[in-house]
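Visitor: Hi! I have this protein open on my screen and would like a quick tour of it. Could you walk me through it?

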Amino acid sequence: MTDFRPYIEKVNNALEECFPQDDERLTEAMRYSIFAGGKRVRPVLTMLACEFCGKSPERALPFACALEIIHTYSLIYDDMPCMDDDSLRRGRPTNHVVYGEAMALMAGMGLYARAYETVIASDLTDRQKLSGIDILLNASGFNGIVLGQVLDMENNKNTLSEQDVLRIHRLKTSAMLEACVLCGAVAADEYGEKKDALHVYAENIGLAFQIRDDILDVVGTKEKMGKSIGKDKKECKTTFVDIFGCEGAQEKVKNLSETAVSAIKKFGNSEKLCDFADMLCKREN
Ligand code: GRG
């Protein structure tokens, strides 16, 4: 199994450069969530996609950071009282619990802007920057996680079909994972077959990742997950566990992972992405 820690270390070092410490409470609030111990799934995936396309994974670091920053911003907003109203995230009190709602709102906006500044200030080419920003805006905008969140806000009557749940998962979670591999491909100047294969891979691991999240919301522990569990049931959200049961849902995870892996396996250099898919399907947090 590939050791992903060296990738995580590179991401953390690059994120340090994006958020130098100063005396502003806003900086403290942004750093609080960025360095709260997230798994760094999205930035590592971005780097692996670039490497799969035959270029050094470090080339994709500006996009990797931008994706982790946008993801962190979405988590701060997801936890706010007007959304999921949660007090625990990444094993710590949520941003608004520590800094207050108004500051959490500002920290989120500051993070979102910083994501794009990070790309613009990088030494990527203008074409890479423009393509990457287009991908980031699509995934984080009203055709991506914002719409996914809105549909999920309305998912509170336990009445959705499998297709409805799939749509929410695609928008809320897969869109960002797809953006990761597409940005990785852009950083490697790959616009052909490998990019298409990566897209299929990410659509499938994105869904698998969210279904595993639904399962862990039922069988996981607060300590391992670092966030509240049992929320889907409490909020009457339809999930894959409701539709297929825990075992059936895990079977879906396995099938999706196999489809993801088969999309990239015909190319060389796919071992790390295969290991990554495997790790995501078996994750306990
Ligand atoms: C702020 C852009 C923006 C949109 C607002 C709140 C919101 C709309 C969207 C939230 C989307 C959301 C919370 C999706 C959940 C995806 C998910 C499975 C998150 C957990 O990801 P992990 O497990 O978390 O990678 P860590 O903490 O390890 O990074």
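Guide: Happy to. One term before we start: a helix axis here is a line fitted to C-alpha atoms over the stretch in contact, and angles run from 0 to 180 degrees between N-to-C directions. With that in hand, α9 and helix α10 (residues 193-219) pack at an angle of about 140°, with their axes 8 Å apart. Please keep in mind that this is a predicted model.

Visitor: So how are α9 and α10 oriented to each other, parallel, antiparallel or oblique?

Guide: They are oblique, because an angle has to be over 145 degrees to count as roughly antiparallel. The crossing of α9 and α10 is right-handed. As for the residues where α9 meets α10, 12 are nonpolar, six are polar and five are charged.

Visitor: Let me zoom out. How many helices and strands does the chain have?

Guide: The protein chain has 14 helices and two strands. Its radius of gyration is 18 Å, close to the 19 Å that the globule rule gives for 285 residues, so the chain is as compact as a globular protein of that length. Along the principal axes, the C-alpha trace spans about 50 × 45 × 35 Å.

Visitor: What share of the residues is buried?

Guide: Buried residues account for 55% of the 285. There is also a figure for contacts along the chain: taking those between residues at least 6 apart in sequence, 74% join residues at least 24 apart.

Visitor: Back to helices. Which way does α7 run relative to α9, parallel or antiparallel?

Guide: The axes of α7 and helix α9 (residues 162-187) cross at roughly 175° and come within 9 Å. The two helices are therefore roughly antiparallel.

Visitor: And which residues meet there?

Guide: On the α7 side you have Gln 128, Ser 131, Gly 132, Ile 135, Leu 136 and Ala 139, and they meet Ala 175, Met 176, Ala 179, Leu 182, Cys 183, Val 186 and Ala 187 of α9. By type, the contact has 10 nonpolar residues, three polar ones and no charged ones.

Visitor: What about α4 and α7, at what angle do they pack?

Guide: Helix α4 (residues 61-79) and helix α7 (residues 126-140) pack at about 20°, and their axes are 11 Å apart. That angle is under 35 degrees, so the pair counts as roughly parallel. The crossing of α4 past α7 is right-handed. Phe 63, Ala 66, Leu 67 and Ile 70 of α4 make the contact with Gln 128, Gly 132, Leu 136 and Ser 140 of α7. Five residues of this contact are nonpolar, three are polar and none is charged.

Visitor: I always look for cysteines. Where is Cys 50, and is it buried or exposed?

Guide: Cys 50 is in helix α3 (residues 41-52). Its relative accessible area is 0%, so Cys 50 is buried.

Visitor: What does Cys 50 touch?

Guide: Not counting residues up to four places away in sequence, Cys 50 touches Lys 55, Ser 56, Arg 59, Ala 60, Gly 184, Ala 187 and Ala 188. Its C-alpha is also 7.8 Å from that of Val 186, although the two residues are 136 apart along the chain. Val 186 belongs to the set of α9 residues that meet α7.

Visitor: Switching to serines, what is Ser 33 in contact with?

Guide: Ser 33 is found in helix α2 (residues 25-34), and with a relative accessible area of 9% it is buried. Leaving aside neighbours within four places in sequence, Ser 33 contacts Thr 72, Ile 76, Arg 90 and Asn 95.

Visitor: Where does Arg 90 lie?

Guide: Arg 90 lies in the loop between β1 (88-89) and β2 (92-93). At 17% relative accessibility, Arg 90 counts as buried. Its phi is near 50°, a positive value in a residue other than glycine.

Visitor: And what is the phi of Asn 158?

Guide: Near 55°, so again positive in a residue other than glycine. Asn 158 lies in the loop between α8 (145-153) and α9, and at 43% relative accessibility it counts as partly exposed.

Visitor: Last one: where is Ser 270?

Guide: Ser 270 sits in the loop between α13 (240-265) and α14 (271-282). It counts as buried, at 7% relative accessibility. Beyond its neighbours within four places in sequence, Ser 270 is in contact with Phe 52, Ile 264 and Lys 265.

How values were computed. Residues are numbered from 1 along each chain as its sequence is written. This is a predicted model: local features need pLDDT of at least 70, side-chain atom pairs count only at pLDDT 80 or more; totals for chains, interfaces and linings use all residues. Side-chain values use heavy atoms; hydrogens and water are left out. Helices (H or I, at least four residues) and strands (E, at least two) are DSSP runs, numbered from the N terminus. Angles under 35 degrees count as roughly parallel, over 145 as roughly antiparallel, 65 to 115 as roughly perpendicular and the rest as oblique. A crossing is left-handed if the near helix is turned anticlockwise from the far one by less than a right angle, and right-handed if clockwise. Contact means heavy atoms within 4.5 Å. Ala, Val, Leu, Ile, Met, Phe, Trp, Tyr, Cys and Pro count as nonpolar, Asp, Glu, Lys and Arg as charged, and the others, Gly among them, as polar. The radius of gyration is taken over C-alpha atoms; the globule rule is 2.2 Å times the number of residues to the power 0.38. Buried means under 20% relative accessible area, exposed over 50%, partly exposed in between (1.4 Å probe, protein chains only).
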